[in-house]
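Visitor: I have a structure to study and would welcome a guided discussion of it. May we look at it together?

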Amino acid sequence: MEDIEDLLVGGGGGAPPGFRIPVAAAVGIKPKKSVSRDYLKDYSTSKIPGTQTIYIKTFGCSHNQSDSEYMAGQLSAFGYNLSENQDEADLWLINTCTVKSPSQSAMDTLITKCRNAKKPLVVAGCVPQGSRDLKELDGVSIVGVQQIDRVVEVVEETLKGHEVRLLTRKTLPALDLPKVRKNMFVEILPINVGCLGACTYCKTKHARGHLGSYTVDGLVGRVRSVIADGVKEIWLSSEDTGAYGRDIGVNLPILLNSLVAELPSDGSTMLRIGMTNPPYILEHLKEIAEVLRHPCVYSFLHVPVQSGSDRVLTAMNREYTVGEFRTVVDTLMELVPGMQIATDIICGFPGETDEDFEETVNLIKDYKLPQVHISQFYPRPGTPAARMKKVPSNIVKRRSRELTIVFESFTPYVGMEGQTERIWITDIATDGSHLVGHTKGYIQVLVVGPESMLGSSATVKITSVGRWSVFGEVIEIHSQNTNPRKNSARVEKISCSDSKETCCSEESETCACGLTGRCGQTEEATEVSVLKDDQKTGEIRSQSLIGYLLRKRKNNSHRKIENEVVKGMDGNEGTSNDWALVDKALLVGIVMSLLTIIAIFRFWL
């Protein structure tokens, strides 16, 4: 099927972001005759447009996550309901990733599941943009990576039973579109799309294209806006942060200094710089180090190396040497106190010899970095690497296991016990009983405390360390969040798509020429105290227990009810007299059952 070009009223440049223009003029519609879509008839007229429920699933990097949040925001603004329940949704929206085969396989499985459920489907992201002729996409509506501001129109037409495809590249989507954040305290801010590289294994370039940067003024305006919204962490997202601005006559240090100037002086909002490849930051290392030393910028950087062999890097067309990667790491670690660096490794790239792999192992041993994303090579269709002679799969798996064992033997956080650190708390841990914060070096710290601490900054004493995170005791809260956590629709969290991959960072990172990962490891629960004062400690633990029990019920009751109960508990410390209606009904049922049993027993006597 040929791409359907945008047909706009008067042939102009299109409607303002989020503006719904007449459908006939907005989207070219071409139902696919060869694909039966009778199962969509029930959806076409059964509900008023803008009242249906949408399920959103996101694969891949932080840039993809930001795109999903923008699409969710627009759909919500037009009245659509967002749900994490596939069964109750009227339409599924899948935002895809093309970096590795497992991600695309997961997408194929979900598409098949959606079709079996006879639900309308819209596919977005890098897979359809980079591989628009995939058989799996037959009869499916598509939203291109630069067409996310048209998602409402595509959803409306898909619900009517039409197939719509918007893949034409155009100007960058606006930054001020409505947005529903996965985490209300974290803003993922794309600073550019595409890249200047041509890595032989990368499929993302096919989808995201050549470098296109947002203006400094536009990004500064967005930062001001999200800070006013109460955001406490701003993640700069990009396929290659270091290449920012080379297409518009500026550079990364200019942008970073402009953004830092907008951050609150009390340190309540932190900036995290996104993934950057070595070539484009070499000339700016001192300027970037100065920014990383700023108290409102995390001393953390993701710099993918991919291999410790220059020969392999040349085959990958990475445009740097191992020596240049070492220069980046050594310089930043020397100039930035507490600097933390993450990197990526691809095991088994075509042509990689045992000697090449040994060089990679030695590089990782030399630096003992706390975060290394390890992945096996996956040939992506249409890339030069897919035509190269492959390393046998058993050797690739063996090398991946060997490097993983080496990496997991490191103990990067040993020696932190007893140290005092300032952390920024933005999330709840997967165990449901800890809150998640990060140090200036972006080391994950788990603490016990009430949900009201989310969005706040605190000083903690490190009480114990694990392999993937450390545990802390809150000593002082610096900036208490004044806005309780709202019941906003949340886009489903990303998880590792490859069970053999070592995932060592909590958040997904940009995927072009890099890998994505999440912490797959769990730590043993460690009992920690919150405040030194015994009386305050008791109060906080009481609130924490209540919050923990409520969070355990979130899969069985609506989140809104949970938030209302938590709010009620916070307003009446340590009390639990305000029972929910369902609890009262259960109690009445229990009493009636007991009375009935007693009556039957007396009758038989």
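Guide: The turns that follow concern a predicted model.

Visitor: In what order do the 6 strands of the open sheet stand?
Guide: Strands of a sheet pair through backbone hydrogen bonds, either parallel or antiparallel. In this open sheet of 6 strands the pairing is parallel. The order of the strands is 2-1-3-4-5-6.

Visitor: Which strands stand at the edges of that sheet?
Guide: A strand at the edge has a single partner strand, so one side of it is left without a neighbour in the sheet. This applies to residues 81-83 and to residues 165-166. The edge strands are therefore strand 2 and strand 6.

Visitor: Which residue in strand 5 stands opposite Ala124?
Guide: Strand 4, residues 121-125, pairs with strand 5, residues 141-143. The pairing is parallel and runs over 3 bridges. Opposite Ala124 stands Val143.

Visitor: What angle does the direction of helix 3 make with that of strand 3?
Guide: Helix 3 packs on the sheet and touches strand 1 (53-58), strand 2, strand 3 (91-96) and strand 4. Between its direction and that of strand 3 the angle is about 155 degrees.

Visitor: How far apart are the axes of helix 3 and helix 6?
Guide: Two packed helices are described by the angle between their axes and the distance between the axes. For helix 3 (residues 62-77) and helix 6 (residues 151-159), the angle is about 65 degrees. Helix 3 passes helix 6 in a right-handed crossing. The distance between their axes is 9 Å.

Visitor: How many residues of the contact of helix 3 with helix 6 are nonpolar?
Guide: From helix 3 come Met71, Gln74 and Leu75, which meet Val151, Val152 and Val155 of helix 6. The residues of this contact include 1 polar and no charged. The nonpolar count is 5.

Visitor: Is Gln306 buried or exposed?
Guide: Gln306 lies in the loop between strand 12 (300-302) and helix 11 (310-316). Its relative accessibility is 0%. Buried means under 20% relative accessible area. Gln306 therefore counts as buried.

Visitor: What value does phi of Lys368 take?
Guide: Most residues other than glycine have a negative phi. Lys368, in the loop between helix 13 (354-367) and strand 14 (371-376), has a positive value. Phi of Lys368 is near 50 degrees.

Visitor: How many disulfides are counted?
Guide: A disulfide is a pair of cysteine sulfur atoms within 2.5 Å. By this rule, the number of disulfides is 0.

Terms used. Residues are numbered from 1 along each chain as its sequence is written. This is a predicted model: local features need pLDDT of at least 70, side-chain atom pairs count only at pLDDT 80 or more; totals for chains, interfaces and linings use all residues. Side-chain values use heavy atoms; hydrogens and water are left out. Axes are lines fitted to C-alpha atoms, for helices over the stretch in contact, and angles run from 0 to 180 degrees between N-to-C directions. Helices (H or I, at least four residues) and strands (E, at least two) are DSSP runs, numbered from the N terminus. A crossing is left-handed if the near helix is turned anticlockwise from the far one by less than a right angle, and right-handed if clockwise. Contact means heavy atoms within 4.5 Å. Ala, Val, Leu, Ile, Met, Phe, Trp, Tyr, Cys and Pro count as nonpolar, Asp, Glu, Lys and Arg as charged, and the others, Gly among them, as polar. Two strands pair if DSSP finds at least two bridges between them. Buried means under 20% relative accessible area, exposed over 50%, partly exposed in between (1.4 Å probe, protein chains only).
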